[in-house]
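Thanks for coming. I have one structure to go through today, and I will keep to what can be read from the model. Please have a look at it first.

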Amino acid sequence: MTHGATDGPIDGSRGCLVLSGVPGAGKSTVAALVAGALPRSAVVDADAVAVMVRSGWVGPVDEPAEEARAQLVLRARNVCLLAGSFSEAGFFPVVDHVVADAVMAEAMVQWLTPAPVWFVTLAPDLATASRRNTRRPGIEQVDYDISGLHATIADELSALGWYFDTTHLDAESTARAILTEAPRRAQVTSKHRP
């Protein structure tokens, strides 16, 4: 993937924002704040898409691993389709999704039709993300060890878009920074997409 830059803050008139990061990074809270600051926007929540599967669901760290991965790919594809649909209707899409590796990131950038795509990984340190996870409502908490995912995201996605260390920032400061700096720091394109 290549990186590019555009001038000016996100104003909702074009493009798409992808917010990634481990559970507890603050994606949902920041997505809501970013979307709320724009005149027409939609948060496309991958967790909401995941619960559409009512029978046969396999969680991202469950077995069989092949089925877990297939369902993650399906979720990502549907999130991108929804983002495109909202964009076509004049709503700026903010995608809230744990993008776990470079392969998934590349696929999503190909699937997203709004342009440009701004990809931001919220990257608090592991202790901060773990602490934030425990402070979320019980239904939103993950009960698995996120350390491996945290390491993979750091290894595979730190050079993609904007790898944003939010360890010492609150959600409001993070959202403000994204609105103003993402066009300069987070634009990505796929090698398969102009």
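Before anything else, a definition: a disulfide here is a pair of cysteine sulfur atoms within 2.5 Å. In chemical terms, a disulfide is a covalent bond between the sulfur atoms of two cysteines. Keep in mind that this is a predicted model, so the distances I quote are computed from predicted coordinates.

How many disulfides does the structure hold? The count is 0. Take C16, for which the closest cysteine sulfur belongs to C80, and the separation is 7.4 Å. With a cut-off of 2.5 Å, that is too far for a bond. Starting from C80 gives the matching result, since its closest cysteine sulfur is the one in C16, at 7.4 Å. As for their surroundings, C16 is buried at 0% relative accessibility, and C80 is buried too, with 1%.

Now the overall layout. The chain has 194 residues, and 46% of them are buried. It contains 7 helices and 7 strands. Reading from the N terminus, the order is β-β-α-β-α-α-β-α-β-α-α-β-α-β. Of the contacts with a separation of 6 or more, 82% are between residues 24 or more positions apart. The exposed area of the chain is about 9500 Å², and carbon and sulfur atoms supply 55% of that.

C16 takes us to strand β2, because C16 is one of the residues that point one way from this strand. Is β2 enclosed or open to solvent? All 5 of its 5 residues are buried, so the strand is largely enclosed by the rest of the structure. In a regular strand the side chains alternate between the two faces of the sheet. In β2, C16, V18 and S20 point one way, while L17 and L19 point the other way, and all of them are buried.

Which strands does β2 pair with? One is β5, which runs parallel to β2 and is joined to it by 5 bridges. Another is β4, also parallel to β2, with 3 bridges. L19 shows both pairings: it stands opposite V120 in β5, and its bridge partner in β4 is D96.

Next, helix α4, residues 102-111. Its buried residues are M104, A105, E106, A107, M108 and V109. What covers them? The cover includes strand β2, along with β4, β5 and β7, and the helices α3 and α6. At the N-terminal end of α4, D101 acts as the cap, with a side-chain oxygen 3.2 Å from the backbone nitrogen of V103.

One residue of α4 to pick out is A107. A107 counts as buried because its relative accessibility is 17%, and the cut-off for buried is under 20%. The C-alpha atom of A107 lies 8.5 Å from that of A76, although the two residues are 31 apart along the chain.

Moving towards the other end of the sequence, T174 sits in helix α7, residues 171-185. Is T174 buried or exposed? T174 is buried, with a relative accessible area of 3%. Its side chain reaches the backbone oxygen of D170 at 2.9 Å. Setting aside neighbours within four places in sequence, T174 is in contact with V30, L122, F164, T166 and L169.

The last topic is aromatic pairs, of which there are 3. I will describe two of them. The ring centres of F86 and F91 are 6.4 Å apart and the planes meet at 80 degrees, so this pair is edge-to-face. Both rings belong to partly exposed residues: F86 has a relative accessible area of 32%, and F91 has 28%. The other pair is W162 with F164, which is stacked, at 4.2 Å centre to centre and 15 degrees between the planes. W162 and F164 are both buried, and F164 is also among the contacts of T174.

To recap: the predicted model holds 0 disulfides, strand β2 is largely enclosed, and β2 is part of what covers the buried residues of α4. That is what I had; I can take questions now.

Notes
Residues are numbered from 1 along each chain as its sequence is written. This is a predicted model: local features need pLDDT of at least 70, side-chain atom pairs count only at pLDDT 80 or more; totals for chains, interfaces and linings use all residues. Side-chain values use heavy atoms; hydrogens and water are left out. Buried means under 20% relative accessible area, exposed over 50%, partly exposed in between (1.4 Å probe, protein chains only). Helices (H or I, at least four residues) and strands (E, at least two) are DSSP runs, numbered from the N terminus. A polar contact is a pair of N or O atoms within 3.5 Å; within protein, one must be able to donate a hydrogen and the other to accept it, and residues adjacent in sequence count only if both atoms are side-chain atoms. Contact means heavy atoms within 4.5 Å. Accessible areas come from the Shrake-Rupley method with a 1.4 Å probe; for residues, only the protein chains shown count as cover. Two strands pair if DSSP finds at least two bridges between them. Rings of Phe, Tyr and Trp (its six-membered ring) pair if their centres lie within 6.5 Å; planes under 30 degrees apart count as stacked, over 60 as edge-to-face and the rest as tilted.
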